[in-house]
Amino acid sequence: MAEILNHEGKPAFVVMPYNEYLAMLEGMKDIEDSEAFREAKADLLNGEDEILPDQVTNRLMNGDNPVTVWREYRELSQKGLHEKSGVSASMISQIEIGQKTGSIKTIRKLSEALNIDVDDIVAYQKMDKQS
């Protein structure tokens, strides 16, 4: 059972058995997890997020070029991505083979054409360089 301690006539501290404290923390974590799940589910239903197949996630995690992975997942050729983004096909090719990283303006155009966040390209480019 919890005991409330006052300071200057107002509740200031709670004293409770440790096992009750741990149970309370666990309950708070469950509430946070439930809220995160509801938010993720809403994002999926609103089309603000998507579930990726394992093969796409694995390719990204294994260091494949993110522009290539996303382009192929969206079933676009380099020419198709060029037409959709306005980025030259030669620049796309150079980014995909790692000769260039592309300016933020270029990455933004590619990410918009691929319907992804800029971070979905930049974060994996950084991972690839670190491996």
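Here are some questions and answers on how features of this predicted model get their labels.

Q: Why is Arg71 called buried?
A: Its relative accessibility is 9%, and buried means under 20%. Arg71 therefore falls on the buried side of that cut-off.

Q: What makes Arg71 and Glu96 a salt bridge?
A: Look at the closest N and O atoms, which are 2.6 Å apart. The cut-off is 4 Å, between a side-chain nitrogen of Lys or Arg and a carboxyl oxygen of Asp or Glu, so the pair qualifies. Arg71 sits in helix H3 and Glu96 in helix H5 (residues 89-96), so this pair ties together parts that are 25 residues apart in sequence.

Q: How do you know whether Glu96 is buried or exposed?
A: Go by its relative accessible area, which is 11%. Buried means under 20%, so Glu96 is buried.

Q: What makes Arg71 and Glu72 count as a salt bridge?
A: Their closest N and O atoms are 3.9 Å apart. The limit is within 4 Å, so the pair is in.

Q: What does Glu72 do with Arg59?
A: Glu72 forms a salt bridge with Arg59 too, with the closest N and O atoms 2.8 Å apart. That pair links distant parts of the chain, as Arg59 is in helix H2 (residues 54-61) and Glu72 is in helix H3, 13 residues apart.

Q: Why are Arg59 and Glu72 called partly exposed?
A: Arg59 has 27% relative accessibility, and Glu72 has a relative accessible area of 37%. Buried means under 20% and exposed over 50%, with partly exposed in between. Both values land in that middle range, so both residues get the middle label.

Q: Which residues make up the network of salt bridges?
A: Arg59, Asp64, Arg71, Glu72 and Glu96 are linked in it. As for the overall tally, the model has 6 salt bridges.

Q: What makes H3 a mostly covered helix?
A: Count its residues: 6 of the 8 are buried. The buried ones are Pro66, Val67, Thr68, Val69, Trp70 and Arg71.

Q: What caps the N-terminal end of H3?
A: Asn65 does, with a side-chain oxygen 2.8 Å from the backbone nitrogen of Val67. The cut-off for a polar contact is 3.5 Å, so that distance fits.

Q: What makes Glu75 worth a second look?
A: Its phi is near 60°, a positive value in a residue other than glycine. Most residues other than glycine have a negative phi. Glu75 comes just after H3, in the loop between helix H3 (66-73) and helix H4 (78-85).

Q: Why is Glu75 called exposed?
A: Its relative accessibility is 72%, and exposed means over 50%, so the label follows.

Q: Where is Asn115, and what is its phi?
A: Asn115 is in the loop between helix H6 (104-114) and helix H7 (119-130). Its phi is positive, about 60°, although Asn115 is not a glycine. Asn115 is also exposed, because its 61% relative accessibility is past the 50% mark.

Q: Why is Thr106 called buried?
A: Its relative accessible area is 14%, which is under 20%, so Thr106 is buried. Thr106 is found in helix H6. Not counting residues up to four places away in sequence, Thr106 touches Val87, Met91 and Ile95.

Q: How do you know that E2 lies largely in the open?
A: Of the 6 residues of strand E2 (residues 10-15), the number buried is 0, so E2 is largely in the open.

Q: What makes E1 and E2 a pair?
A: Two strands pair if there are at least two bridges between them. Strand E1 (residues 3-7) and E2 are joined by 5 bridges, so they pass, and they run antiparallel. Ile4 stands opposite Val14 in E2. In the hairpin, which has 2 residues between the strands, Glu8 takes a positive phi near 55°.

Q: Which residues form the nonpolar patch on the surface?
A: Tyr18, Tyr21, Leu22, Met24 and Met28, with about 510 Å² of accessible area together. Take Tyr18, which lies in helix H1 (residues 18-45). Its relative accessibility is 58%, and patch members need over 30%, so Tyr18 meets that part of the rule. Tyr18 also counts as exposed, because 58% is over 50%.

Technical notes. Residues are numbered from 1 along each chain as its sequence is written. This is a predicted model: local features need pLDDT of at least 70, side-chain atom pairs count only at pLDDT 80 or more; totals for chains, interfaces and linings use all residues. Side-chain values use heavy atoms; hydrogens and water are left out. Helices (H or I, at least four residues) and strands (E, at least two) are DSSP runs, numbered from the N terminus. Buried means under 20% relative accessible area, exposed over 50%, partly exposed in between (1.4 Å probe, protein chains only). A polar contact is a pair of N or O atoms within 3.5 Å; within protein, one must be able to donate a hydrogen and the other to accept it, and residues adjacent in sequence count only if both atoms are side-chain atoms. Patches are made of residues with over 30% relative accessible area and no salt bridge: like charges are joined within 9 Å, nonpolar side chains (Val, Leu, Ile, Met, Phe, Trp, Tyr) within 5 Å. Accessible areas come from the Shrake-Rupley method with a 1.4 Å probe; for residues, only the protein chains shown count as cover. Contact means heavy atoms within 4.5 Å.
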